[in-house]
Amino acid sequence: MIINTGQRTDIPAFYPQWLANRLIEGIVCVRNPFNPEQVSRYKLSPETVDVIGFCSKNPAPFFQYMDLLKGYGQYWFVTITPYGRDIEPAVPDKHKILSDFKVLSKMVGINCIGWRYDPILVNDRYTIQYHLKAFEQMASALQGYTQTVVISFIDLYEKVKRNFPQARTVSMEDQIFLGKELIKIATSHDMVVKPCGEGQFLSEYGADCSGCMTISTYEKAIGQKLLIPKKKPARSECACYLSGDIGAYDSCGHLCRYCYANNDIDAVKRNMKLHDPNSHFLIGDYKENDVIHDVEMKSYIDPQLSLFDTYII
């Protein structure tokens, strides 16, 4: 099975001790965000969890617990953008994150880590030329530490419009120009650009538009073939395999103005106060009317075929 940690919040940045405790105890509970009384309970074990997927803007707080991941497959996306505190109020200094990325890459290996440069927004401060310069500097710093960079352009969901009313969509003309130039820069630094949920329009310029958090991504990370049940994607333009996320919405303290997971900033502050590192839940604890569903846990690894066997002719 695949466990994800990063679609709803940044667990390594804000809840590292909680995740460590969950790995030690081997139990984690997740409320259905649309029906909170429905609870999924996962039993964490290297025998049944093939890969744990991470997405973080600040992975360093979890470094002290990395030994707990031994036996698990893992893949890390680390988001590093060029925005200041006007857009990302609580994200650490980008030079530190670049340094931490390199440390993490050495820990897990180049096949187990990718860089996210997204979402891309354009305004009077963060111009196209600003992005090109920043991207070049970051790509140069990360060369040799990853082979993948994910890009996407800002989507104006209703929650984004409410929390970031100044945001504007990036024109298709600018998307094509930026995409082409970012692909050129990434290629010069031995990286492949993978657009996230952007369709196929950048494929003709050299982008890999097959998706970013895909089954093949996980297979390459663990060196094993995965026999994963077919699952309908969250969006028609998204090819990623998203399953078993153990996070919670409205709980990420970075407070990025473009955030797709935080709906209410006041709710974020309330939820973070309800966090208990010893609870099975990221936010809060068991409630009287909870209906617990023990998720069937089984390995998806093909016991008869290593991924490396597929390259033998």
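Me: How do β2 and β3 pair up, and over how many bridges?
Reply: In this predicted model, β2 and strand β3 (residues 35–43) are antiparallel partners, with 6 bridges between them.

Me: Nice. What joins β2 to β3?
Reply: A hairpin does, running through 2 residues.

Me: Can you give me some register? Which residue of β3 is the bridge partner of I27?
Reply: I27 has K43 as its bridge partner in β3. For C29, the bridge partner in β3 is R41.

Me: And where does F34 sit?
Reply: F34 is in the loop between β2 and β3.

Me: Is F34 buried or exposed?
Reply: Exposed: its relative accessibility is 75%, and the cut-off for that class is over 50%.

Me: How far is F34 from H131, going by the C-alpha atoms?
Reply: Their C-alpha atoms are separated by 37 Å, and the two residues lie 97 apart along the chain.

Me: Back to the strands. What is the order of the sheet that holds β2 and β3?
Reply: The order is β2-β3-β10, an open sheet of 3 strands with mixed pairing. β2 (27–32) and β10 (291–294) are the edge strands, and each of them pairs on one side only. On average, neighbouring strands here are turned by 30° against each other, ignoring direction.

Me: OK, now the sheet of 6 strands. What's its order?
Reply: That one reads β1-β4-β5-β6-β7-β8, and it is an open sheet with parallel pairing.

Me: Why do β1 and β8 each have one side without a neighbour in the sheet?
Reply: Because β1 (2–4) and β8 (192–195) stand at the edges, each has a single partner strand, and one side of each is left without a neighbour in the sheet. Neighbouring strands of this sheet are turned by 25° against each other on average, with direction ignored.

Me: How many bridges join β7 to β8?
Reply: There are 4 bridges between strand β7 (residues 148–153) and β8, and the two run parallel. One of the pairs is T148 with V192, the latter in β8.

Me: Which strands does α6 touch?
Reply: Helix α6 (residues 172–188) packs on the sheet and touches β6 (113–120), β7 and β8. The direction of α6 makes about 170° with that of β7.

Me: And α4 with α6, at what angle do their axes cross?
Reply: Roughly 20°, and the axes of helix α4 (residues 128–142) and α6 come within 10 Å. That angle makes α4 roughly parallel to α6. The crossing is right-handed.

Me: Which residues meet there, between α4 and α6?
Reply: From α4 you have I128, H131, L132, F135, E136 and A139. They meet D174, F177, L178, E181, L182, I185 and A186 of α6. H131, the residue we compared with F34 earlier, is part of this contact set.

Me: Switching helices. How many residues of α2 are buried?
Reply: Helix α2 (residues 16–25) is mostly covered, with 7 of its 10 residues buried. Those are P16, W18, L19, A20, N21, R22 and L23.

Me: What covers the buried residues of α2?
Reply: The cover includes α1 (11–14), β2 and β4 (51–56). Note that β2 belongs to the sheet of 3 strands, while β4 belongs to the sheet of 6 strands.

Me: What comes right after α2?
Reply: G26 follows α2, and its phi is positive, near 80°.

Me: What about α7, which of its residues are buried?
Reply: In helix α7 (residues 215–222), the buried residues are T217, Y218, E219 and A221. Among the elements that cover them are β1, β4, β5 (73–79), β8 and β9 (224–226). G223 comes after α7, and it has a positive phi, near 70°.

Me: Last topic: how many disulfides are there?
Reply: The count is 0. Take C256, which is in no disulfide: the nearest cysteine sulfur belongs to C252 and is 6.4 Å away. A disulfide would need the two sulfur atoms within 2.5 Å.

Me: Is C256 buried or exposed?
Reply: Buried, with a relative accessibility of 7%, where the cut-off is under 20%. C212 counts as buried too, at 2% relative accessibility.

Technical notes: Residues numbered from 1 in each chain as written. Predicted model: local features only at pLDDT ≥ 70, side-chain atom pairs only at ≥ 80, totals over all residues. Heavy atoms only, no water. Pairing = 2+ DSSP bridges. Axes fitted to C-alpha atoms, helices over the stretch in contact; angles between N-to-C directions. Contact = heavy atoms within 4.5 Å. Buried < 20%, exposed > 50% of the residue type's maximum accessible area, 1.4 Å probe, protein only. Parallel < 35°, antiparallel > 145°, perpendicular 65-115°, else oblique. Left-handed = near helix turned anticlockwise from the far one by under 90°.
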